[in-house]
Amino acid sequence: HRMLKALLLPLLLVAAVVVAETDTPLETVTVVQLEGATAQATENLAADDPLRETLLNMYTQTRAALEEIDQYKGAQEGYAQARAAAAKKARDIVAGLAERAVSSDQPAVDLSEIPLQELEQRIQVDQAELEALKTRLADTSDSINGMPARSAEVQNRLTELGNLIPKLESQLELMPDSVPAGGEKEADMWLAQAQLASAKAEKAMLDEELLSQPMRLQLLKAQQDQASQDITSMTRRLEAMERRASDLRQGEASEARAAAEQVVADTEGKHRLVQQMADKNATLTTSFEQLNIGIERARNRNREIAKQAERFEGDLQSIERKLDILGMSARVGHILREQQAKLPRGRDSKREMQSVADQVSQSSVRQLELEDERRQLLDAAAYVDDLLVGEAPQVAAAIRDDLHELTRKRRELVGQAVDLENTYAGTLGDLELSFHRYRSVISEY
């Protein structure tokens, strides 16, 4: 019997601990009770009565503790759900990534049937989605890197709560079982009950957070891999669309220029107004190829600057983590000096940024001028009439049809030029944003 008692005693002690931990929490005041007590104190006590201020202040603190309880319980439920489901979600993501890797050899989306304007719109949409993916990846990486520090923070807080909860329990045990309604003792008891319940709810939440951390970390790493693969796929698709758009722009520019030069040749020997209009159209088409070259240069440069900014951001975050863990040391200082030596000169990037800003301004001016001309060309008859002012009626009648046809063609070319300028200005705007990000990262060093 003694041996049996000796074996059962530890089990009984553990059971007692479990019962104590999972026992129904001490009943606390409700929000409805607080609102009623607050209204009663406000109505029945004079504004200059010190008791009124004391009661209202305690009721406010009690309400804050009750709100914390709800927040802690909600967070605890979230952590419990993560502990139950995060590992499976992570496995599903990993399995999906493996399937995508196997099917990566399948042909990409056929871009040959997509018109240029729709292709440019898709490029803009994908660029925005790519930036969102990169932001999501950065946030996920930050969460992963912050796990160790968060774990230490939780452990420290649990130690504090381990000391705080017994004190609050002792404080509450010293209070009388029954107190007068509406008085300071009741408010003091409500506050003590709410603070104790809040501390226990916080402890339960933090316990669940630690228990769920391995599962959440597993899911975060799977999401990190997924975001990286999504970024790779999106980048490839975006580059393919940009190449296709460049080919289409170049093809349209070449066709427009060849057609305009043929018209110039066909108008040789005709009236000077007809020749001037044909030359004017041909001159406009020569800008198309230059704009296409500018778009490609800006996009290539944007990719370069964005990659450099991402690399510097990664290096900076790595250094910050080392500083958090190791503090400033000779080793970290050596790393910082090496990184500083690799940084580009700020004067060069500032000069290039100013050049890009100037190009954006120039493109904007050209867009305004083209839009003004396109509005004038909407009424082709009136436009031709303005050209024929001062010409003899017989001459005007002889060349009107030629001018009308050239004006119609001019309207098409101006529309094409507006679209190119819009694409060029948008590409320059993206490059300008990348430069701002680039300089911001460098300045953080």
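An axis, in this tour, is a line fitted to the C-alpha atoms of a helix over the stretch in contact, and the angle between two axes runs from 0 to 180 degrees between their N-to-C directions. The model on the screen is a predicted one.

**Stop 1: helices H4 and H5**

Select residues 116–173, which form helix H4, and then residues 184–266, which form helix H5. The axes of H4 and H5 lie 5 Å apart and meet at an angle of about 165°. H4 is therefore roughly antiparallel to H5, since an angle over 145 degrees is counted in that way. The crossing in which H4 passes H5 is left-handed. Colour the contact of H4 with H5 by residue class: 30 of its residues are nonpolar, 14 are polar and 21 are charged.

**Stop 2: a pair within H4**

Remain on H4 and display the side chains of Arg157 and Glu160. These two residues form a salt bridge, and their closest N and O atoms are 2.9 Å apart. Both belong to helix H4, where they stand three residues apart, about one turn of the helix. Are the two partners buried, exposed or partly exposed? Arg157 has a relative accessible area of 27% and is partly exposed. Glu160 is also counted as partly exposed, at 46% relative accessibility. As a general principle, side chains of opposite charge can pair when their charged atoms come close.

**Stop 3: Thr62 in helix H3**

Move to residues 50–102, which make up helix H3, and select Thr62 within that helix. Thr62 has a relative accessibility of 0% and therefore counts as buried, because the limit for that class is under 20%. Which residues touch Thr62, leaving aside its neighbours within four places in sequence? They are Val29, Leu34, Ala187, Trp190, Leu191 and Ala194. Display these residues together with Thr62 to view the surroundings of its side chain.

**Stop 4: helices H5 and H10**

Return to H5 and add residues 393–444, which form helix H10. The axes of H5 and H10 come within 12 Å of each other and cross at roughly 155°. H5 and H10 are therefore roughly antiparallel to each other, and their crossing is left-handed. To see where they meet, select Arg249, Glu252, Ala253, Ala256 and Val263 in H5, together with Leu406, Leu413, Gln416, Leu420 and Thr423 in H10. Sorted by class, this contact of H5 with H10 has six nonpolar, two polar and two charged residues.

**Stop 5: a link from H10 to a loop**

Keep H10 in view and select Asp402 and Lys270. The closest N and O atoms of this salt bridge are 3.5 Å apart. Asp402 lies in helix H10, whereas Lys270 lies in the loop between helix H5 and helix H6 (272–326), so the pair ties together parts that are 132 residues apart in sequence. Asp402 counts as partly exposed at 28% relative accessibility, and Lys270 as partly exposed at 38%.

**Stop 6: helices H9 and H10**

Now add residues 380–387, which form helix H9. At what angle do H9 and H10 pack? The angle is about 120°, and the axes are 9 Å apart. This makes H9 oblique to H10. H9 passes H10 in a right-handed crossing. On the H9 side, the contact is made by Ala380, Ala381, Tyr383, Val384, Asp385 and Leu387, and on the H10 side by Arg400, Leu403, His404, Thr407 and Arg411. By class, six of these residues are nonpolar, two are polar and three are charged.

**Stop 7: helix H8**

Select residues 346–377, which form helix H8. Gln367 is placed in this helix. With a relative accessibility of 16%, Gln367 counts as buried. Residues up to four places away in sequence not being counted, Gln367 touches Glu421, Asn422 and Ala425.

In the same selection, find Arg374 and Glu371, which form a salt bridge with closest N and O atoms 3.0 Å apart. Arg374 and Glu371 are three residues apart in helix H8, a separation of about one helical turn. Arg374 counts as partly exposed, at 26% relative accessibility, and Glu371 is likewise partly exposed, at 26%.

**Stop 8: a network of charges**

Finally, select Glu120, Glu242, Arg249, Glu296, Arg299 and Arg303, which are joined into one network by salt bridges that share partners. How many salt bridges does a search of the whole structure find? The search finds 33.

Definitions and conventions: Residues numbered from 1 in each chain as written. Predicted model: local features only at pLDDT ≥ 70, side-chain atom pairs only at ≥ 80, totals over all residues. Heavy atoms only, no water. Helix = DSSP H or I, 4+ residues; strand = E, 2+ residues; numbered from the N terminus. Parallel < 35°, antiparallel > 145°, perpendicular 65-115°, else oblique. Left-handed = near helix turned anticlockwise from the far one by under 90°. Contact = heavy atoms within 4.5 Å. Nonpolar A, V, L, I, M, F, W, Y, C, P; charged D, E, K, R; others polar. Salt bridge = Lys/Arg side-chain N within 4 Å of Asp/Glu carboxyl O. Buried < 20%, exposed > 50% of the residue type's maximum accessible area, 1.4 Å probe, protein only.
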